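Here are some exercises to work through with the structure open beside you. Try each task on your own, then follow the solution step by step.

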Amino acid sequence: MNIDIIAAESIGVRGLCCLVTLPDRRIVIDPGVALGIRRHGLLPHPLQIAVGRSVREKILQVLETATDVVFSHFHGDHVPLVDANPYQLSVQALPPCFRELHGWCKSGDGLSAGMNQRFQDLAVLLGANLQVAEGRSEGPLSFSPSVPHGAAGSSTGSLMMTRIEMNKRVFVHASDIQLLDAATVDRVIDWCPDIVPAAGPPLYLDRLGRAGREYAWGNAKRLVQTIDTVILDHHIMRSTEGAVWLDELSAAAGRRVYCAADFMGQPRRLLEAERVQLYAEMPVPDGWHDNYASGRVDITGYFDATGYKARDPDMAAG
């Protein structure tokens with residue numbers, strides 16, 4: 001079993017897209033990407049957009065040779081979209097072979113109108129190949145029932161986790177659990193995984209509060225103390241505070257906790273967290289985003305800048 005994390009905040013984009021390669025299966029989980037349309041009143045910086053475009057192309061590349069595609073839920077950074085903005089993955093860009101993949105997804109129960117439309121759009125694309133998978137197993141794949149997207153009763157809905165087993169090695173994609181529901185963390189632990197990527201808590205949101213942070217910390221320690229390799233990314237790495245939190249968790253648990261970039265041997269690029277600094281260091285001309293959306297901008301120069309080094313993680317949160 002080989003694990004590649006393709007999209008995540010520490011890699012420079014919003015998402016938690018993974019490729020799991022087995023001898024006879026190539027399983028892509030959550031093939032979506034986004035950039036956070038506004039942070040600190042600013043649209044994505046062109047450097048972010050260049051990185052996002054590169055990640056988007058990588059997702060399309062792995063879909064070309066995939067056998068299966070899994071959708072944990074229907075948020076815009078986890079699925080291709082009919083109504084994609086210029087920084088997301090559009091269904092129009094998908095390779096023709098996408099329609100032939102074995103598709104697995106959470107149910108349409110309890111979805112908002114917008115999320116239900118995305119579910120229906122995927123059903124149109126994949127037809128009979130798309131199966132509601134909650135609570136089911138097929139070969140090396142097992143899927144959880146619906147679990148909360150964050151805290152129990154969250155207004156952001158629910159999601160489905162994925163377990164993949166091969167030769168006694170177990171991978172669990174825990175998606176946007178955010179470590180905010182103990183029962184969900186228990187379910188992950190009960191699956192006896194060797195490796196788990198999951199969303200950490202959204203420290204960048206004031207509404208999380210001190211109690212929420214402490215609760216997530218306790219759940220994170222339980223995961224780290226029982227699972228060999230824990231990768232926490234996504235919501236937690238939308239601020240530089242998240243990188244500090246991750247390193248402090250490693251120290252407290254006495255074993256390394258990874259972000260996606262660490263796991264993949266890449267530098268941490270918390271580009272959304274550092275959007276203000278990017279605008280200060282690399283000013284953006286008026287009208288740039290409109291010109292990009294209409295195809296009138298060459299971003300080659302920004303690709304040249306993707307060797308950008310993340311700043312000291314001890315700086316203030318983004």
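**Exercise 1.** Find which helix holds Y215, and work out which residues Y215 touches beyond its neighbours within four places in sequence.

*Solution.* Keep in mind throughout that this is a predicted model.
- Step 1: Y215 sits in helix α4.
- Step 2: Y215 has a relative accessibility of 37%, so it counts as partly exposed.
- Step 3: Leaving out neighbours within four places in sequence, the contacts of Y215 are L179, L180, D181 and A182.
- Step 4: Take one of these partners, L179. Y215 and L179 are 36 residues apart in sequence, and their C-alpha atoms are 7.9 Å apart in space.

**Exercise 2.** Describe how helix α3 and helix α4 lie relative to each other, using their axes.

*Solution.* Two numbers do the job here: packed helices are described by the angle between their axes and the distance between the axes.
- Step 1: The axes of α3 (residues 182-190) and α4 (residues 209-226) come within 10 Å.
- Step 2: They cross at roughly 5°. Angles under 35 degrees count as roughly parallel, so α3 is roughly parallel to α4.
- Step 3: Now for who does the touching. From α3 come A182, V185, D186, V188 and I189, and from α4 come Y215, N219, R222, L223 and T226.
- Step 4: Sort the residues of this contact by class and you get 6 nonpolar, 2 polar and 2 charged.

**Exercise 3.** Look up phi for N167 and for L179, then decide whether each residue is buried or exposed.

*Solution.* First, some background: most residues other than glycine have a negative phi.
- Step 1: N167 has a phi near 50°, a positive value in a residue other than glycine. Its place is the loop between β11 (162-166) and β12 (169-173).
- Step 2: The relative accessible area of N167 is 68%, so N167 is exposed.
- Step 3: L179 also has a positive phi, near 65°. L179 is in the loop between β12 and α3.
- Step 4: With a relative accessible area of 0%, L179 is buried. So N167 is exposed, whereas L179 is buried.

**Exercise 4.** Say how many residues the largest nonpolar core has, and which of them have the most contacts inside it.

*Solution.*
- Step 1: The largest nonpolar core has 102 residues.
- Step 2: Those with the most contacts inside it are V55, I59, F71, F98, L179 and L232.
- Step 3: Helix α1 (residues 46-64) supplies the largest share of this core, 9 residues.
- Step 4: Zoom in on I59. Apart from neighbours within four places in sequence, I59 is in contact with I6, A7, C17, P31, G32, V33 and L89.

**Exercise 5.** One of the partners of I59 is C17. Work out why C17 and C18 are not bonded to each other through their sulfurs.

*Solution.*
- Step 1: The cysteine sulfur closest to that of C17 belongs to C18, at 6.6 Å.
- Step 2: A disulfide needs the two sulfur atoms within 2.5 Å, so 6.6 Å is too far for a bond.
- Step 3: Over the whole structure, the count of disulfides is 0.
- Step 4: C17 has a relative accessible area of 0%, so C17 is buried. C18 counts as buried too, at 0% relative accessibility.

**Exercise 6.** Place R255 in the structure and trace its contacts beyond its neighbours within four places in sequence.

*Solution.*
- Step 1: R255 lies in the loop between α5 (240-253) and α6 (260-263).
- Step 2: R255 has a relative accessible area of 29%, so R255 is partly exposed.
- Step 3: Apart from those neighbours, R255 is in contact with V224, Q225, I227, D228 and S250.
- Step 4: Follow one of these, Q225, and you land in helix α4. Q225 is partly exposed, with a relative accessible area of 47%.

**Exercise 7.** Decide whether Y279 is buried or exposed, and list its contacts beyond its neighbours within four places in sequence.

*Solution.*
- Step 1: Look for Y279 in helix α7 (residues 275-281).
- Step 2: Buried means under 20% relative accessible area. Y279 comes in at 19%, so Y279 counts as buried.
- Step 3: Setting those neighbours aside, Y279 is in contact with L42, L43, P44, H45, V284 and H289.

Note on methods: Residues are numbered from 1 along each chain as its sequence is written. This is a predicted model: local features need pLDDT of at least 70, side-chain atom pairs count only at pLDDT 80 or more; totals for chains, interfaces and linings use all residues. Side-chain values use heavy atoms; hydrogens and water are left out. Axes are lines fitted to C-alpha atoms, for helices over the stretch in contact, and angles run from 0 to 180 degrees between N-to-C directions. Helices (H or I, at least four residues) and strands (E, at least two) are DSSP runs, numbered from the N terminus. Angles under 35 degrees count as roughly parallel, over 145 as roughly antiparallel, 65 to 115 as roughly perpendicular and the rest as oblique. Contact means heavy atoms within 4.5 Å. Ala, Val, Leu, Ile, Met, Phe, Trp, Tyr, Cys and Pro count as nonpolar, Asp, Glu, Lys and Arg as charged, and the others, Gly among them, as polar. Buried means under 20% relative accessible area, exposed over 50%, partly exposed in between (1.4 Å probe, protein chains only). A nonpolar core is a set of buried Ala, Val, Leu, Ile, Met, Phe, Trp, Tyr and Cys residues joined through side-chain atoms within 4.5 Å.
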